[in-house]
Amino acid sequence: MVERLTSDDVAAALAEGRAAVERRAWREAHDALSRADAVAPLAASDLELLAVAAYLLGEDDAYVAALERAHRSHLDEGATRPAVRCAFWIGMTLALRGEVGTAGGWLARAGSLLGDDDALEQGYLLMPLVFRHEAAGDYEEAAAVAADARAIAARFADAEALALATQAQGDMLLRAGRIDEGLALLDEAMVLVAGGTLSPITTGMVYCAVILACQDVLEVRRAREWTGMLARWCGEQPDLVAFTGRCLVHRAEILQLQGSWDDALAEARHASARLARSLNRSAAAQAAYRRGELHRLRGEPGEAEAAYREASGLGLEPQPGLALLRVVQGRGDAALKALRRALDETSDPLRRATLLPALVDVALDAGEVDEARAACHELGSIVERYRSEMLDALVAQTRGAVELAGGDARAALVDLRRAGTIWTELGAPYDAARARVLVARACRALGDEDGASLELDAARRSFTELGAAPDLARLDAPGAASSPHGLTARQLEVLRLLARGRTNRQIATELTLSEHTVARHLQNIYASLDVSSRTAASAYAFEHRLV
């Protein structure tokens with residue numbers, strides 16, 4: 001027998017639902033409002049509350065359906081502007097889901113309803129234009145349109161619209177390379193969010209967008225600070241599903257950087273489980289990629305490969321992680337080709353900045369010093385436009401590695417020490433340990449065995465504490481830590497074959513390299529060992545028991 005609610009019951013359910021919204025108890029709010037709606041259709045304002053509860057519970061279809069009803073109800077009541085806002089949010093939600101045609105229809109409807117009215121909603125309707133300019137790569141124009149939206153929001157004193165437009169303008173300025181201006185606006189947007197007066201959907205959107213923008217420009221300190229705030233905000237709402245998956249991905253990235261790899265992997269797995277129930281393929285792909293990175297660093301190649309493939313299946317390019325996994329698997333040539341291909345496919349400076357450091361490492365291991373030097377130079381030019389501490393550390397470390405490979409250990413040591421200092425200040429123990437390995441090689445090249453030993457001991461302790469099995473294996477490989485002239489693992493392989501009397505062609509065949517690459521390896525080996533012939537290099541190998 002179906003329970004029939006009286007008018008008093010409906011009123012009580014409405015009151016319960018509205019109070020639950022105030023308490024941010026989203027499941028209770030959704031259930032109470034739904035009970036009332038089943039008896040008598042909700043008014044437009046209560047339909048909007050039902051929509052908010054559905055959105056925050058991760059029920060996107062129910063959110064859109066409730067907003068569509070609210071839109072029609074507003075129109076029936078002659079309330080055009082609230083109807084326009086509903087149409088705007090429907091259009092934006094559908095656009096994010098990839099339903100471009102339907103989204104465009106709703107946004108066009110919103111524009112037609114509003115017409116030329118001087119209203120706050122004009123600012124909202126500028127936001128799709130911001131994103132169209134962004135998609136076209138015209139970040140300056142996108143920032144200008146966002147500034148117009150921000151001016152409208154300020155004129156009508158609407159904090160919601162102001163936060164969204166301020167965040168969008170800041171993000172576009174960052175992408176345009178105007179870092180200080182962009183970060184200042186993102187900070188301003190976060191002040192509005194931190195005040196606690198914005199709606200939960202706007203709050204979550206601005207939190208996630210600001211953190212993502214900071215991570216895109218490698219602004220680690222802000223990303224860490226805002227991620228902590230987002231995690232606390234999500235934790236205060238036990239029923240919350242929306243934003244929590246992305247929040248967990250952000251937390252996993254920060255925890256990885258800080259060296260808490262077990263916790264980071266747990267957060268990434270949790271994020272993947274949450275996002276599997278959502279329509280946010282982009283965030284799900286990021287969660288899968290983060291799992292791949294952590295498995296790779298821990299020396300779990302099978303799990304890493306599976307996670308990278310999952311990320312790719314969700315539409316994310318799994319580089320540079322997959323290429324670095326190939327290096328660990330002894331497939332350096334495949335890694336080099338993959339990174340070259342990925343770089344050929346993107347002109348975005350910030351995306352290139354995530355690929356170039358890996359290209360430097362892989363190219364040096366393959367003996368392609370000129371290619372590594374060119375990649376390092378490009379990375380340096382990107383830093384001149386998009387400056388951050390993390391980018392400074394990456395440039396210093398790659399430059400030091402290239403200088404070391406080129407035989408200039410003194411110059412390398414200056415850059416590598418600087419990189420290590422920045423990594424330590426950023427609380428990034430893994431990256432700091434990798435810098436110390438290179439410092440040790442530079443110390444050995446300069447004849448400072450005690451200094452090299454101290455640096456290697458410190459790096460080994462860090463790798464052990466982190467559980468960085470592949471790095472420990474490389475550190476303890478024969479010749480890896482003992483070569484007094486900092487030869488790479490590949491260079492040591494070439495030297496050993498040379499000492500056994502192999503020709504360049506034979507070495508190339510055995511190591512699956514080109515003869516040109518073998519010749520480049522030999523040039524670098526001669527420079528590092530301060531010898532001038534194959535005979536002298538072979539003698540060195542036998543003298544130092546490298547064969």
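Start by selecting helices H13 and H14 (residues 244–258) in this predicted model. Their crossing is left-handed. The two axes come within 9 Å and cross at roughly 135°, and that makes H13 oblique to H14. Now show the side chains. On H13, pick out Val220, Ala223, Arg224, Thr227, Leu230, Ala231 and Cys234. Facing them in the contact, H14 brings Thr244, Cys247, His250, Arg251, Ile254, Leu257 and Gln258. Colour this contact by class and you get 8 nonpolar, 4 polar and 2 charged residues.

Next, step back to the loop between H12 and H13 and click on leucine 218. What is the sign of its phi, positive or negative? Phi of leucine 218 is near 60°, so to speak a positive value in a residue other than glycine.

Stay around here for a pocket. Select Glu160, Leu198, Ser199, Pro200 and Ile201, which lie nearest the centre of the second largest pocket. This pocket has a lining of 29 residues and holds about 770 Å³ of space. Which elements should you highlight around it, if you want those that give two or more residues to the lining? Here they are:

- helix H3 (44–56), helix H4 (60–76) and helix H5 (80–96)
- helix H10 (159–175) and helix H11 (179–194)
- helix H12 (200–216) and helix H13 (220–235)

H12 gives the most, with 5 residues. By class, the lining of the second largest pocket splits into 19 nonpolar, 5 polar and 5 charged residues.

Two of those pocket helices, H3 and H4, are worth a look as a pair. Their axes come within 8 Å and cross at roughly 165°; H3 and H4 are therefore roughly antiparallel to each other. This crossing, too, is left-handed. To see the contact, select Ala44, Leu47, Glu48, Leu50, Ala51, Val52, Ala54 and Tyr55 on H3. Then add Asp60, Ala62, Tyr63, Ala66, Leu67, Arg69, Ala70, Ser73 and His74 on H4. Between them, the contact of H3 with H4 counts 12 nonpolar, 2 polar and 3 charged residues.

Now move along to helix H8 (residues 127–135) and helix H9 (residues 139–155). How do they run, roughly parallel or roughly antiparallel? They pack at an angle of about 170°, with axes 8 Å apart, and are therefore roughly antiparallel to each other. Select Met127, Leu129, Val130, His133 and Glu134 from H8, then Tyr139, Glu141, Ala142, Val145, Ala146 and Ala149 from H9. In this contact you'll find 8 nonpolar residues, 1 polar and 2 charged.

Another loop comes next, the one between helix H17 (301–313) and helix H18 (321–328), where proline 320 is found. Zoom in on the peptide bond from glutamine 319 to proline 320: it's cis, with omega near 10°.

Last stop: the cavities. The structure holds 3 of them at 30 Å³ or more. For the second largest cavity, select Gly332, Asp333, Val362, Asp365, Ala366 and Arg490, which line about 40 Å³ of space. Helix H19 (332–344) and helix H20 (349–365) each supply at least two residues of that lining. Colour by class once more, and the lining of this cavity shows 2 nonpolar, 1 polar and 3 charged residues.

Notes. Residues are numbered from 1 along each chain as its sequence is written. This is a predicted model: local features need pLDDT of at least 70, side-chain atom pairs count only at pLDDT 80 or more; totals for chains, interfaces and linings use all residues. Side-chain values use heavy atoms; hydrogens and water are left out. On a 1 Å grid over the protein atoms alone, a cavity is a set of points where a 1.4 Å probe fits but cannot get out, and a pocket is an open set with protein on both sides within 12 Å along at least five of seven lines; lining residues have an atom within 4 Å of a point. Grid points are joined across faces, edges and corners, and a volume is the space filled by probe spheres set on the points. Helices (H or I, at least four residues) and strands (E, at least two) are DSSP runs, numbered from the N terminus. Ala, Val, Leu, Ile, Met, Phe, Trp, Tyr, Cys and Pro count as nonpolar, Asp, Glu, Lys and Arg as charged, and the others, Gly among them, as polar. Axes are lines fitted to C-alpha atoms, for helices over the stretch in contact, and angles run from 0 to 180 degrees between N-to-C directions. Angles under 35 degrees count as roughly parallel, over 145 as roughly antiparallel, 65 to 115 as roughly perpendicular and the rest as oblique. A crossing is left-handed if the near helix is turned anticlockwise from the far one by less than a right angle, and right-handed if clockwise. Contact means heavy atoms within 4.5 Å.
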